[in-house]
Amino acid sequence: MELLERTTDIPDPLTPYLAVDRSRPRHECWVTGHMVAGLDGTAAINGRVGALSTAPDQVLFRRMRQIADVVLVGAETIRREGYAPIQLPDDVQAHRRAQGRSSNPPVVVVSRSLDLDWSGRVFTEASPDARTHVLTCATADPDRLAEAERAATVIVAGHSSVEPEAAMQALADRGHRVVLCEGGPRWLGELVAADRLDELLLSVSPLMGGDLLPVSVAPPGAGIAQFELKSTLVEDHTLFLRYEAARTVGGAARTEDGTA
């Protein structure tokens, strides 16, 4: 056991995150989840994630988007949080263009039902080079599908639901190598169950008493996924944890006693 202490000041809190090598994903593309939770594990207050976020977390949340080729968000989070297109600082946009990337990462909305407000800013204000994408399934309502195609770039990934493996393959096929997932808990749980979460950035906010909703909701029959703690940061009273999916032996994560 090791005692974690406040020992070294970091001028730029983004530096440790930018140093991570995300060029070798375990599967189709590197998937990073970025979530915030209260001390009691709650993931929202009165239905909103933003109410949990402290000032240091809000800064890191916005800045982490520069690592992403796309920002992946579940439909319920889009509806509740009022998403707009991602707008990075001018110097970050210039750096991304110099790397051959889009100035800003497109938002990708995951929705089986396509019950979305197509007049929302995330659709109407997206620039042509970062048009909002929608991941849906083959059995989506045809009328809603036609409406979605007028407002966004539609990707079908699955038959009766959006399948994480197919969704990540579709994004990788379009050249998106780093996917940043900002929620919600149910979609994050689907990614974990499909072994598609490479990295989890978890901000622990010094609050308790929020909604009865955890950071991740596993689908029925999902197994246990193991992660390894890679770094910790603290600012004011907010704790920032970075995990990566546990190393595997013969394709299966191992427990301490060596069993799969």
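The buried residues of helix H6 are covered by elements including helix H5 (121–124), strand S4 (133–136) and strand S5, in a predicted model where local features need pLDDT of at least 70, side-chain atom pairs count only at pLDDT 80 or more, and totals for chains, interfaces and linings use all residues. Residues are numbered from 1 along each chain as its sequence is written, and side-chain values use heavy atoms, with hydrogens and water left out. Helices (H or I, at least four residues) and strands (E, at least two) are DSSP runs numbered from the N terminus.

Within H6 (residues 142–151), Leu145, Ala148 and Ala151 are buried, that is, under 20% relative accessible area with a 1.4 Å probe and protein chains only; exposed means over 50%. Because these buried residues span an arc of only 125° around the axis, they sit on the same side of H6; the arc is taken over directions from the helix axis to the C-beta atoms. Pro142, Asp143 and Arg150 are exposed on the face turned away from that buried side. At the N-terminal end of H6, Asp141 acts as a cap, with a side-chain oxygen 3.0 Å from the backbone nitrogen of Asp143.

Turning to the sheet, nine strands form an open arrangement in the order S5-S4-S3-S2-S6-S1-S7-S9-S8, with mixed pairing; two strands pair if DSSP finds at least two bridges between them. S5 (153–156) and S8 (227–235) are the edge strands, each pairing on one side only. Strands S2 (residues 70–74) and S3 (residues 107–110) run parallel and are joined by four bridges, and Leu72 stands opposite Val108 in S3.

Conventions: Contact means heavy atoms within 4.5 Å. A polar contact is a pair of N or O atoms within 3.5 Å; within protein, one must be able to donate a hydrogen and the other to accept it, and residues adjacent in sequence count only if both atoms are side-chain atoms.
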